[in-house]
Amino acid sequence: MHSSRTEFATAWPCAGQFSFVRRCTLLIVLLGPSLAAADEAFVVSQNAGRLSIVDVATMKIAAEIAIDGKPAGIALSPDGRRAYVTAPEGRAVVVIDAEKRAIEKTIDVGKGPLGITVNPIDGRIFVADWYEHKLYAIDPVRLEIMASVETGLSPSGVAVTGDGRLIVTADRDSNQVSLIDAKLFNVIATVATGERPFGVTIDAAGERAYTANVASDDVTIIDLNARKALATIKVGHRPYAVALSRQRAFVTDQHGETVSVFDTNSFDPVGKIAVGGFPEGIAADEAGRFIYVSCWDADRLERIDVETMKVNGTVDVPAGPRSFGAFLRKTSGLPPRGEP
Amino acid sequence: MVKRLIALALLVAFAPSAANAHGPSRQKVVSKIEINAPVDKVWEVIGNFQDMSWHPAFAKTEGEGGNEDGAKRTLTTKDGGKIFEKIIKRDNEARALSYEITEVDVKVVPVTNYASTISVVGTAEKSIVEWRSAFYRGFVNNDPPPELSDEAAVKAITGVYESGLGALKAKLEGGK
């Protein structure tokens with residue numbers, strides 16, 4: 001119960017200073033348009049060693065947690081109650097209680113844990129190890145490593161399909177993605193990409209993966225069923241990661257200070273959105289209204305309105321925000337504690 | 001020590017991705033200096049990608065493409081080290097020049113993936129130059145030797161910026 005909207009809803013029957021009509025109007029305004037929107041952004045600042053929890057309705061920092069070991073990657077549990085943060089130099093995954101805003105446990109993982117994602121069905125945590133060229137699976141109940149599988153060289157980004165069956169790693173120094181069977185935890189195929197794929201994002205249908213290729217300044221679109229590349233789309237300089245919203249792909253161009261946008265049906269460019277310096281981690285809310293961008297050099301989280309294609313909100317965050325992963329957390333509509 | 005040097009030499013010689021690979025944590029340096037000179041005059045000097053003679057560390061600037069996006073230059077240090085650079089974007093209105101190192105031996109500058117912007121704001125009397133950059137340390141794996149650590153990278157770049165900006169100020173204020 002951390003969102004101001006929820007608190008207002010809980011408190012409003014006793015809010016006697018407003019007229020009934022006024023109260024209803026307020027409720028509609030506050031609750032109506034944002035029910036399905038993301039409620040919090042978990043911004044990971046690598047240089048400052050901090051996790052900032054931003055209330056995206058107000059674009060203000062609601063809480064901050066210190067994290068050692070140069071934190072970079074982030075994922076949320078399917079129920080939104082936990083955040084998992086990779087600390088590459090700490091060689092650990094830090095488990096955060098998202099409601100208590102506190103570190104629950106630190107798990108030693110590999111030699112350079114960076115990319116991280118969570119299986120949306122069973123909650124297993126997958127961590128790509130940049131130096132060991134491996135993907136680790138972590139049991140979400142015991143919070144211990146349960147398996148590992150070799151990938152290509154320096155896996156960075158990692159993503160899972162919505163049905164929880166297929167994992168994709170972007171193997172940066174092998175110029176490929178590995179497709180991994182989530183159940184058997186073995187590599188079933190590799191697909192060549194552009195040069196140095198870093199972030200990887202899978203669409204809601206689980207049909208396509210998009211890699212941001214740092215060295216060739218493009219995005220590879222991969223057909224996951226056919227296990228082959230569908231198209232290569234030119235974007236800005238040094239692309240880092242991709243977010244998908246309303247049949248469009250939004251790509252952070254680190255050295256371009258832009259987010260490049262293209263149409264995922266026609267593959268035509270839509271335009272470039274000016275953002276702060278070194279845009280990196282990028283995430284789209286489920287409602288298709290906003291895109292959030294971590295700007296590493298500007299030390300800001302910026303919010304792009306998908307309708308107007310412009311930045312319409314920013315918040316200063318601690319130094320060096322990377323937020324590499326799906327960093328948005330829904331606080332509305334969570335099941336009561338104890339349900340799966 | 002010998003072992004370490006061999007290991008380093010092997011790393012530089014054989015890692016196919018030495019120019020692109022990097023450690024996990026990007027570093028940042030921002031240096032500023034106030035100069036008593038017109039902003040246009042300062043921009044004329046720092047905005048010329050093909051002439052780095054204002055910086056005492058460099059003996060020679062050679063290049064092609066002028067000040068266009070994508071233009072290249074090779075800087076030769078006074079010790080004979082070479083740094084290869086390329087313009088990412090030059091914004092004449094904002095008076096900002098962004099460029100990156102495309103190739104450098106970590107023995108010359110202990111950094112990888114270096115990108116920088118030098119810019120100036122000010123008036124007809126007074127200017128403030130800002131030189132900022134983002135880069136990774138020279139050693140791309142865990143547990144770097146001290147000369148290729150994050151600290152060594154930050155120290156080296158800070159040194160280049162401070163000596164350069166000091167010389168720039170002296171040149172522009174002295175030449176009134």
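Reader: What covers the buried residues of α2(B)?

Author: In this predicted model, the cover over the buried residues of α2(B) includes the strands β1 (27-35), β5 (96-104), β6 (111-122) and β7 (127-137) of chain B, together with the helix α3 (150-174) of the same chain. The buried residues in question are B:V42, B:W43 and B:I46, in a helix that runs over residues 39-46 of chain B.

Reader: What puts them on the same side of α2(B)?

Author: The three buried residues cover an arc of only 100° around the helix axis, which puts them on the same side of α2(B). As a general matter, an α-helix has 3.6 residues a turn, so residues three or four places apart point the same way.

Reader: How do you know what span the 25 residues of α3(B) should have, and what are the end C-alpha atoms found to show?

Author: The expectation for α3(B) rests on 1.5 Å a residue, counted over one less than the number of residues, which gives 36 Å for its 25 residues. The C-alpha atoms at the two ends of α3(B) are 36 Å apart in the model, so the expected and the computed span agree.

Reader: Which residues are buried in α3(B), and what do the buried residues of α3(B) pack against?

Author: The buried residues of α3(B) are B:D150, B:A153, B:A156, B:I157, B:V160, B:Y161, B:G164, B:L165, B:L168 and B:L172. They pack against the strands β1, β6 and β7 and against the helix α2, which belong to chain B. For the chain that holds them, the order of elements from the N terminus on is α-β-α-β-β-β-β-β-β-α, that is, three helices and seven strands.

Reader: Which residues touch the most other members of the largest nonpolar core, and how many residues does this core have?

Author: The largest nonpolar core holds 123 residues, and A:V85, A:V93, A:V242 and A:F250 are the members that touch the most others. The element that gives the most to this core is α3(B), with eight residues. In soluble globular proteins, nonpolar side chains tend to be buried together. To take one of the members just named, A:V93 is in contact, beyond its neighbours within four places in sequence, with A:Y84, A:T86, A:I107, A:V109, A:P113, A:I116, A:I125, A:V127 and A:I138.

Reader: Why is A:G199 called buried?

Author: The cut-off for a buried residue is 20 or more other C-beta atoms within 10 Å, and A:G199 has 29 of them, so A:G199 is buried. This glycine is found in strand β16 of chain A, which covers residues 197-202. Apart from neighbours within four places in sequence, A:G199 is in contact with A:G157, A:A170, A:A212, A:Y240, A:A241 and A:V242. The C-alpha atoms of A:G199 and A:V242 are separated by 6.7 Å, although the two residues are 43 residues apart along the chain.

Reader: What makes A:D217 count as buried, and what makes A:R289 partly exposed?

Author: A:D217 has 20 C-beta neighbours inside 10 Å and therefore counts as buried, since the class begins at 20. A:R289 has 19 other C-beta atoms within 10 Å and is therefore partly exposed. A:D217 is found in the loop between β17 (208-213) and β18 (218-223) of chain A, whereas the place of A:R289 is in the loop between β24 (279-284) and β25 (290-295) of chain A.

Reader: Which sign does the phi of A:K70 have, and why does A:K70 count as buried?

Author: The phi of A:K70 is positive, at about 55°, although this residue is not a glycine; A:D217, likewise not a glycine, also has a positive phi of about 55°. With 23 C-beta neighbours inside 10 Å, A:K70 reaches the cut-off and so counts as buried. Its place is in the loop between β3 (60-66) and β4 (73-76) of chain A.

Reader: How many residues of chain A are in contact with chain B?

Author: There are 20 such residues in chain A, and they are in contact with 13 residues of chain B. On the side of chain A that touches chain B, eight residues are nonpolar, six are polar and six are charged.

Reader: Where in chain A is the pLDDT below 50?

Author: The pLDDT is below 50 over residues 1-37 of chain A, a stretch that has 32 contacts in the model beyond near neighbours in sequence. Where pLDDT is low, the predicted coordinates should not be read in detail. Chain A as a whole averages a pLDDT of 89, and 86% of its residues score at least 70.

Conventions. Residues are numbered from 1 along each chain as its sequence is written. Chains are lettered from A and ligands numbered from 1 in the order in which they are written. This is a predicted model: local features need pLDDT of at least 70, side-chain atom pairs count only at pLDDT 80 or more; totals for chains, interfaces and linings use all residues. Two residues are in contact if their C-beta atoms, placed from the backbone, lie within 7 Å. Ala, Val, Leu, Ile, Met, Phe, Trp, Tyr, Cys and Pro count as nonpolar, Asp, Glu, Lys and Arg as charged, and the others, Gly among them, as polar. Helices (H or I, at least four residues) and strands (E, at least two) are DSSP runs, numbered from the N terminus. A residue is buried if 20 or more other C-beta atoms lie within 10 Å of its own, exposed if 12 or fewer, and partly exposed in between; C-beta atoms are placed from the backbone. The arc is that of the directions from the helix axis to the C-beta atoms. A nonpolar core is a set of buried Ala, Val, Leu, Ile, Met, Phe, Trp, Tyr and Cys residues joined through C-beta atoms within 7 Å. pLDDT is the predictor's confidence in each residue, from 0 to 100.
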